[in-house]
Amino acid sequence: MSWLGPVLDDDQRDLASMLDALAAGRGTVLDGGDPDPAIVAGLTAELADLGVWTLGTSEASGGGGADRITTAVALERLGRSWPALGWAAVQAHAAVDLLSGDGRASDLVASLHEARAAVAVVDAGTARVRLSWRDGVLAGSVDRIDAAAESPYLLVLDGDDRALLVPPQAMTATPLRRTGLGGAFTRSVDLAAGLTAGTGQDTGTVLELAGVDAAAARDAGGGRRAGVRGRSAPRVASTGMRSSSARRPRRSCPV
């Protein structure tokens, strides 16, 4: 087994060997174009059954409670065989850690642990995320998501202590051509999601999460790929609905 990181203990070496054997035994190559979604869903479900999919999230939230090195071993081995699944697992880790403190998201957290739901994590302060509030509806687009699922949730990290969760039914996805990362189901998305069911649009609603550690989500999960940087980001304007003409600094999302 090749490993260029810190010295591993027996359990960590066993984990790496188990994941290598799993990939070799399945013989599934996710390369080039996207495969049948059922193939990817089957792999993620199997990883969830093995306790690997959210291995590094807290035990209190239903995760494995693994330390950073053990989690890194799991993600590194996934990245060797199925890079798209490794990145999707990173995003699941970030989302579970952030959402698990809010009871309104408890069903989604459980589904993420079991890989029955998927999530794309993006940063409101990046150029690829263009969202604004328009008459009580969060609308706009995200240039690219890679969630290893056709209909993921969207978790928008907003500054250091706030996030917005957008449901799949609020988004319209367009497949994107790419090189590599087979099974990522790379999409651009347009979205329109109201704050309440009273918006008159059957598009689902935005769940606003205040007082969360979005900065930690960038560093521990979502901050390891393009668009989710480990730094403080400009904020989307508050859902408290300030003036619709207000503008934020460059690369922020205006009201």
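Arginine 162 is buried, its relative accessible area being 2%, where buried means under 20% relative accessible area, exposed over 50% and partly exposed in between (1.4 Å probe, protein chains only). The model is predicted, so that local features need pLDDT of at least 70 and side-chain atom pairs count only at pLDDT 80 or more, while totals for chains, interfaces and linings use all residues. Residues are numbered from 1 along each chain as its sequence is written, and side-chain values use heavy atoms, with hydrogens and water left out.

**Exercise 1.** Find the salt-bridge partner of arginine 162 and say where the two residues lie.

*Solution.* Begin with the rule: a salt bridge is a side-chain nitrogen of Lys or Arg within 4 Å of a carboxyl oxygen of Asp or Glu. Arginine 162 meets this rule with glutamate 208, since their closest N and O atoms are 2.7 Å apart. Next, place the pair: arginine 162 belongs to strand 5 and glutamate 208 to strand 8, and the two are 46 residues apart, which links distant parts of the chain. Strands here are DSSP runs (E, at least two residues), and helices are runs of H or I with at least four residues, both numbered from the N terminus. Finally, compare with the cover: glutamate 208 is partly exposed at 23% relative accessibility.

**Exercise 2.** Describe how strand 5 and strand 8 are paired, and which residues of strand 8 are covered.

*Solution.* Two strands pair if DSSP finds at least two bridges between them. Strand 5 (residues 162-166) runs antiparallel to strand 8, and four bridges join them. As one instance, leucine 209 in strand 8 is the bridge partner of alanine 163. In strand 8 (residues 207-210), Leu207 and Leu209 form the covered face, whereas Glu208 and Ala210 form the uncovered one.

**Exercise 3.** Work out which parts of the chain are tied together by the salt bridges of aspartate 143 and of arginine 187.

*Solution.* Take first the salt bridge between aspartate 143 and arginine 130, at 2.7 Å from N to O. Aspartate 143 sits in strand 3 (residues 137-145) and arginine 130 in strand 2 (residues 129-134), so this pair ties together parts 13 residues apart in sequence. Then take arginine 187 and glutamate 150, whose side chains meet at 3.8 Å, N to O. Because arginine 187 lies in strand 7 (residues 187-194) and glutamate 150 in the loop between strand 3 and strand 4 (153-158), parts 37 residues apart in sequence are tied together. Arginine 187 is buried at 11% relative accessible area, while glutamate 150 is partly exposed at 44%.
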